[in-house]
Amino acid sequence: MKNERGHAMIELAVCAAVMVSCLAGTFQFGYTFYIYNQLVTAVGNGGRYAAMRTYRAANDADLEKGRAAIRNMVVYGDARPSDLSPVVANLRPEQVDVEWVKDKTGAPTAVRVAIRNYPVNAVFKTVSLEGRPGVEFPFVGRYAPAEREP
Amino acid sequence: MSVTMLLLLAVMGLAFDVGRIYIARNEAQVFTDAAAMAAAQKLDGTKAGLDRAKDAVSHVSMRWNLGTQEFRGVVVEFSADGSKWESDPKDAAGVTMARVTAPDNSVEITFLRAVGGPNNFVVPAHAAAMANPVRLTE
């Protein structure tokens, strides 16, 4: 009887180790995919917004203001957010890369929006996203290089 | 034991496979949105404009499957009013809309196939945009 109890304990220990590993892995991948999916949506929204907004570039501060508005759209879902709660957990504006692709004249032809240095903390392991997810949209907005950002 | 194993595989499948399917669908939608806008931007009422629109779609650099795979079999169609779509319209003068479909994004199923799921799950996406001004319409 004592011997059988020992067997059962060993069986439980082996099975529990396998089960816990599987469930931990499932949580790890599931949560990481969930966050990645939210990031794809966020950069997609930011890319669409950037592609259609007026490009104002009277000076460097205006360019930076424009980039900040695009980052806000990615992070908060609003170019001028009143509520500073990010749409993706712990995402900050400085973790969003905004890069204009320009032609020879300096006019924008496309905009790239990507996530950089964003850690997905899924308890058992942290995965850092660098340059992914990223989108590139053609610029279809109004080109106003002499205008100031409001 | 086998019932527990099947349940475990189903849970893993839901987290892993369904997660990937949702990401692929989202990536494909963002790609087709960008591609439709790129195509609509090139429409100018000429046959050359239609060719430039197709070329613009082929140059959209986005990828799917967690940003690792190129989109294949992308279809570009054009329309005057959004009711009838053609890949090669005879009359380019009236064309004001472009539609892009990414039909072949096949996500390989890893765990759910062990509990009776399919081997692959195709996640198509499409988007349409109008020209002047370029705006997404669907």
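In this predicted model, 22 residues of chain A are in contact with 23 residues of chain B. Two elements of chain A give two or more residues each to the side that touches chain B, namely α1 (2-52) and β6 (134-138). Of these, α1(A) supplies the largest share, with 14 residues. Sorted by class, the side of chain A facing its partner is made up of 12 nonpolar, 7 polar and 3 charged residues.

Turning to chain B, helix α1 covers residues 2-42. A quick length check works out here: at 1.5 Å a residue, the 41 residues of the helix should span 60 Å, and the C-alpha atoms at its ends sit 58 Å apart, so the two figures agree. The helix does have a bend along the way, though: α1(B) carries a kink of about 30°, centred on G13(B).

Back in chain A, strands β4 (residues 118-121) and β5 (residues 126-129) make an antiparallel pair over 4 bridges. One of the matched pairs puts Y118(A) of β4(A) across from its bridge partner L129(A) in β5(A). The side chains of β4(A) alternate along the strand: Y118(A) and V120(A) point to one face and are buried, whereas P119(A) and N121(A) point to the other face and are not buried. Y118(A) is thus picked out twice, as a buried residue and as the bridge partner of L129(A). As for the turn, the hairpin of β4(A) and β5(A) has 4 residues between its strands, and V123(A) in this hairpin takes a positive phi near 65°.

Terms used:
Residues numbered from 1 in each chain as written. Chains lettered and ligands numbered in written order. Predicted model: local features only at pLDDT ≥ 70, side-chain atom pairs only at ≥ 80, totals over all residues. Contact = placed C-beta atoms within 7 Å. Nonpolar A, V, L, I, M, F, W, Y, C, P; charged D, E, K, R; others polar. Expected span 1.5 Å × (residues − 1). Bend = angle between axes of the 7 residues up to and from the residue. Buried ≥ 20, exposed ≤ 12 C-beta atoms within 10 Å, placed from the backbone. Pairing = 2+ DSSP bridges.
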